[in-house]
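Hi there,

Here is the structure I promised to pass on. Have a look at it first, and my notes follow just below.

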Amino acid sequence: MSYNDLSGFDMVWAITQNTVNSQLSWLQELDIIPKKVLLGNIDDDGLVIGGAGEDEAIMLATVDFDTGKPKSAKLIINFESGNISFYSGFGKNATIKKQPIKGWKLVFNVDVNIGQIAHEHIAGNTAVPKEIQDILTNFDSSMFSIQNIFLDFQNSDMANYDTIESIIHTDNEFVKQNFATSVGAWISSKKGSDNPYILGYPVSRKAKTEKIPAILEPTGANLSTHSFQNGAKVPTELEKGLSTLNFLLVTQGRKITDDPSLYGPGAGVFNRNLVTDNNIDGKGIISKNTFFDQYLQKVIIKPFEELVDSIPDYVHHRKDKKRAHVAIIERSGVQVKAGEQASTSSYPRAKFIRSDNGWTYNDHVRLDWHESGSTSHDRESEQKMSYDIEVSMQPDAHKVPRLTLDIHGSLYRYEWDQVNHDIPPFKNNVYLGKGWASAMLTWGIRLQFIAGVDGKLTITKQSNINPPVKHSGTGGIYKVADFFTDLLNLHGINDDWRQNSTSLKNIEGGIVADLLKNSTSMFDNAMTKIVMPARSQFFYKNLTIDANSDVEIDFAYKSEA
Amino acid sequence: MTATTLKYQAARLARIILQRDASEIESKQWQNELDKTELSVSNLIKKLIALPELKALDQKERASRMWNAAFQRYSSVESQSLDHWLGQIRYGLISESDLAQEFVKIANTGYRYEPCASPVDTSSDLFLVKAKNKSELVFSQGENKRLYLFISNGKNWEQIDLSAALVGYEKGHIQSVAVNQADDGKISIAIAVSKRFSDGSSALFLATGLDNGLNAADWIAAIRNMHKCTGIPSGAVISKVSFSRNQNNSADMIVLGATVAGAANTYYGSVEKNGDDWNLLRIPEDAKTVQQYALGTYHKDGMWVLYKVGSDHSLVFSVFPDKFGKSINISYTELPKNCVNFLVAPNSNSSVADVFAAGDEIVVYRASNETPEVVVSKTKNAKLLWHGYTKKTEYLLYRDGNTLSYIGKTKGSQWGDPKNLSNSLANFSVNTLDSSDELSLAIVTPGLGLNIEHLTLEGLSPIHSISVEAVWNEIPLTKTELNQAIKTASPKIYFDPDAEFLTSSVDFYLKKIGLWNHQENKWQVENGRLYDSKTKDLSIDALRAYARSERTNPTHKFDYYMQVDEGDFSTLVPGDLNDTKSYINAKFIPEENATDLIFWLFYPYNGAGVLMVDAPGVDKNFDLSPLGTHEGDWEHCLIRIDNDSLQPTRFYLSAHDGGAWHALKDMPKDMESGHTELYVSRHGHALYNEVGDNLFHESGGGSAIYHIGLVNHCEKGSSINLWEDGKTELIAADFLPQGELTEPLWLRFPWRWGRYKVFSQDEISGMVSHILSFLGDNPVSKPIKKAISDLIADKILESGKLGSESYSAGPGAPKYKSNWYGSE
């Protein structure tokens, strides 16, 4: 396994801190995470946070991933209204004092962890909104396992708050400490499946499946947090919100536990900001390996190769000429010595081989033979069949760069014929004349991956087939009416090119049609396995291929035109 | 809410004439006849007035209803103009059968003599709210873009122009109104208004928490105290204002549809913040696919948007971007096919509103329930109109195809069967009633009546018919404003230095003339007796309906006329610049927001025409005497005043039987006073804005060898400044409230203001041969002679009589000229 920029993971779904916080605020709006704070008893504890009327304390909980550690967050509790009441003085002089807590802020450093949750703990769980319960319980428990990413209060120090970042406007040490510890204790009191501070649910397929739409489905998940870095500069408030919670995913039956680098301390530590724009809510990054070697390999290359293999090998083209010499000039994926004389019985077929951003296929064969008679012919017939598949960013009709898959096919045919006259008695071959003709036939398909206005992945298709490019020439006394017909049998080649199993028509109707059919559901299958804690209706906004040849998908809650 | 898209012109005419709402069949038939131009409006009026049900009406009532119908005026107050028309019938000047056509003609000129617009409209905002006294309040936007309140004081319904209380926008045009009543009865009102005839830029006024027990005076005070919202994008032209409601049905957000610098957008602001902070509403999708949106609450504030995606629809609630710049979206599944609209119905038990959606069925999503409940299973392009609860029943009003329908669900049971609601609801507003299980509807009928009806599962039952008084299309000038405008607009009038026949006051003339009975060739009222020195006006004797000759009599129209006694000729004919004034008729033209001031000048005598002949051998002006001479002469000019600035904008100067419009910039100005200057021609008293020989009935000229024409010679001789005290008298301004101005009696005088006299053939032929003798007798002069003869013949024709003879006659009375009520 060669590790790429995603440090061994097949996909990373990076959700911005702003998105996570927006989800938390929605959970608070739904009262899953309580907004109202009412803590303590004046007689037992000496202080009360919150109360009725003007005393009512309302808090807003947010997280900040700027901790310098890859699996942690600051939990920030901002108080928006309310009073704290406490005893002032002692004995019979004690009076109850009130102080507003609007503007107070408590910051706790907490671990972010991932854990398995059983299906039966989801339905009816008050820490999970009804809509999310519905989404999660829709996954068949025999096929999918559900994890949650949560603020792990049990393993965090909730007794001590971050004294530097917290704001408590009081000099009363008793109030200060007790305020913080009561809030800390209150927050961490909900444990395990009752903990409402959930940042997301990765859903993994339990067993590997060969079904194409499942190619991008995670089969294992981990997490990391990433703090937005702006070189030496301190990030702005907006940029801070672009810190990310990363869902680190493996596919195709891989498990996190397979490889220490997937669960070790450095897992999911990226030296770049995965999201740089608050107009999107997150980004899905599909590793080059996954996109090319899983997705495209399975969807395009494998069936393509099967199709090419079904075309008769040109090596056997002049089987009728028993003494024909066969020279393999190039056969991609097969070791060939230059001009190797092939045994015509069985010779390995060419293979698609990986190029930087795709695949190529070349099969170049030359046949030569002698046709005897009173007028003999020395003949050569050469064919080069090539296919190129390339992924790049190309402008669409509106000049917007799009993730583009180009498939090109080309067929080159060359025929050479030398005519000799056999002059008895020595049957010397006397050169009479020669003729040659060549033709190049090509077609191309361009597929562009576009996020449609409905937020769904749309693939646009353009195809073209070009007329043959022809050349011919003669020397000596060589007369044929039409080189292209007589010598090259161009009609035959052309018909074959338009109809064989790798013709434009067949590639479009077969492989490409399957790709179009499967891709949307395949990408959806990947995305729907990341469930956000409040609402998770993500939509695709844009697809690109980055400098590492990883495919990046921008997504948002809703596409905007 | 507008219920149908029918046209209501016939229904409206019928309601005015028949004083009842026409049945659906009747109005459909009559509207059809109008649409297919089988009937003109005036003929429909005649047809309706002849219906047997109106047999008992007297002539006055018939005329009154015809007048009102022509002006589409529904009012219990009789028109001030009616007397004039009845007088015309009495004097035998017009027959009743011609009235409808005459009235429609006048109505088409755009002048309005009394309020004619309706304070309720079929297509504008209408709101019904519950009042404390178990009655209702109705807010309506009138045809005149003003806001009216209909409020019951326990006995009567009062109609109040609330928009007149909007500080700084008293004369403004309402652009949109939103009225909301919360469950506790408190009323919120938002009004978008612009200055009339401005660029339309809006002001937004807001009042919340108004008590529903306010009386009329309280309401005016409440409107006067409305908060003028700040922070609206400057120059915004608001087309629609509405409220979104929270759980308790109280107004939560204000939503504005507004155009700013040509771009139409939607803005929202919170009621809590007094409508002082505004956000641009970004519809989170390609706007082209948006079919409808509504603001409201789904846990958090946000908006529902109904999108059309291909042939499919999707309904999504999007939370407004939170402090993190993110918005949550909630999708509704299983929408009705061919979804037409949705309706947000606050749910008192949940912070998520119910959402009804309609199309080929009607469904409701209760709170956050994702699976809809079917309300009506089979509908056709159904459109939801209103939803609400009474104590026991939940109601839904909707349109199914072209049928207005409603359905109810009694507590604890299923939705009942849909029922049809009457289709004669041109506009309506619904509210619940506290006390009972009924809905209350304010209904605007196709004929623009306003009714309150109650609706139960059994159907509609009429409660009140609210009397609706016609209102001004636009607010006219007050008497003070009018006087100010007259002072500003009054011109300086120059007379020719050689003019022998100058202007005088009417009194100057009336004091000496009498009423001549032409049939009997005797004074009907002797000279000197036509003037009542006590009233300083025409004697009432002049206005009696004296016996007329047969209509077939060639001189029928000259049965009676004012006549100068031979003995008074020398004193009357020169007029008297020291005893003269201009009489002003002010007319209101609401469409133009303008008032036309018609300055009438009276001359006791009109001199003869003057012919200019410039031909080989001749270059001379000839006096055409006696052609053109007559006793009495009324001339006028019109000055159009802009009602907002009170400044003149256009002028119409009369010249003989015609005249011409001039822009303000083309009018000469008196350097000293800044007032416009006008020049009166020497004999004919035509008005011009240029001195010199203003030619009239010209021929030849240019490269022709001759140039002839009638000369209206103007020079700056003596003058009168009409803005000076006593130099003008406002004699008519029908738009002023009744009783503010009393017309002089002489204005009602129906006959000619000078004698009828036939010229003898000798007089004319003598004059013609005198002119022609100057030209000699040669081939060159032949075409010139013909041109001159033609012109003189024209002059004769102009005076109204065919043949070789002509006559002289005084002018018709000003009020009986078509331009008194009509246009120039």
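A:Glu237 is exposed, with 63% relative accessible area. Please keep in mind that this is a predicted model, so every value here is computed from the predicted coordinates.

**Salt bridges**

I started with A:Glu237 because its side chain meets that of A:Lys240 in a salt bridge, at 3.5 Å from N to O, and the exposure of A:Glu237 is 63%. Its partner A:Lys240 counts as partly exposed, at 24% relative accessibility. The two are 3 residues apart in helix H4 (residues 237-240) of chain A, so about one helical turn separates them. In general, an α-helix has 3.6 residues a turn, so residues three or four places apart point the same way.

Another pair in chain A is A:Asp313 with A:Arg349, where the closest N and O atoms are 3.9 Å apart. A:Asp313 belongs to the loop between helix H6 (288-309) and strand S14 (325-331), and A:Arg349 to the loop between strand S15 (340-341) and strand S16 (353-355), so this salt bridge ties together parts of chain A that are 36 residues apart in sequence. Both A:Asp313 and A:Arg349 are buried.

In chain B, B:Glu78 and B:Lys60 form a salt bridge with their closest N and O atoms 3.4 Å apart. B:Lys60 sits in helix H4 (59-70) and B:Glu78 in the loop between that helix and helix H5 (82-90), so the pair links parts 18 residues apart in sequence. B:Glu78 is partly exposed at 35%, and B:Lys60 is partly exposed at 36%.

There is also a network of salt bridges that links A:Arg272, A:Lys283, A:Asp546, A:Glu552 and A:Asp554. Over all chains, the structure holds 55 salt bridges.

**A helix in chain A**

How many of the 13 residues of helix H1 (residues 17-29) of chain A are buried? The count is 12, so H1(A) is largely enclosed by the rest of the structure. Among them are A:Val20, A:Leu24, A:Trp26 and A:Leu27, along with polar residues including A:Asn18 and A:Gln23. The end C-alpha atoms of H1(A) are 18 Å apart, in agreement with the 18 Å expected at 1.5 Å a residue. After H1(A) comes A:Asp31, which has a positive phi near 65°.

**Strands and a loop in chain B**

Strand S14 (residues 300-309) of chain B is mostly covered, with 7 of its 10 residues buried. S14(B) pairs in the antiparallel sense with strand S13 (residues 290-298) over 8 bridges, and likewise with strand S15 (residues 312-319) over 8 bridges. B:Tyr307 is the bridge partner of B:Val290, while B:Val309 is matched with B:Asp312. In the S13(B)-S14(B) hairpin, with 1 residue between the strands, B:His299 has a positive phi near 65°. In the S14(B)-S15(B) hairpin, with 2 residues between the strands, B:Gly310 has a positive phi near 65°.

Two buried residues round this off. B:Ser176, in strand S5 (residues 173-181) of chain B, has a relative accessible area of 1%. A polar atom of its side chain lies 3.0 Å from the backbone nitrogen of B:Val241, and the contacts of B:Ser176 include B:Asp125, B:Gln141 and B:Ser239. B:Tyr169, in the loop between strand S4 (157-161) and S5 of chain B, is buried at 13%. Its C-alpha atom is 7.3 Å from that of B:Val193, 24 residues away along the chain. B:Tyr169 also touches B:Phe205 and B:Lys228, among others.

Best wishes

Definitions and conventions:
Residues are numbered from 1 along each chain as its sequence is written. Chains are lettered from A and ligands numbered from 1 in the order in which they are written. This is a predicted model: local features need pLDDT of at least 70, side-chain atom pairs count only at pLDDT 80 or more; totals for chains, interfaces and linings use all residues. Side-chain values use heavy atoms; hydrogens and water are left out. Helices (H or I, at least four residues) and strands (E, at least two) are DSSP runs, numbered from the N terminus. Buried means under 20% relative accessible area, exposed over 50%, partly exposed in between (1.4 Å probe, protein chains only). A polar contact is a pair of N or O atoms within 3.5 Å; within protein, one must be able to donate a hydrogen and the other to accept it, and residues adjacent in sequence count only if both atoms are side-chain atoms. Contact means heavy atoms within 4.5 Å. The expected span of a helix is 1.5 Å times one less than its number of residues. Two strands pair if DSSP finds at least two bridges between them. A salt bridge is a side-chain nitrogen of Lys or Arg within 4 Å of a carboxyl oxygen of Asp or Glu.
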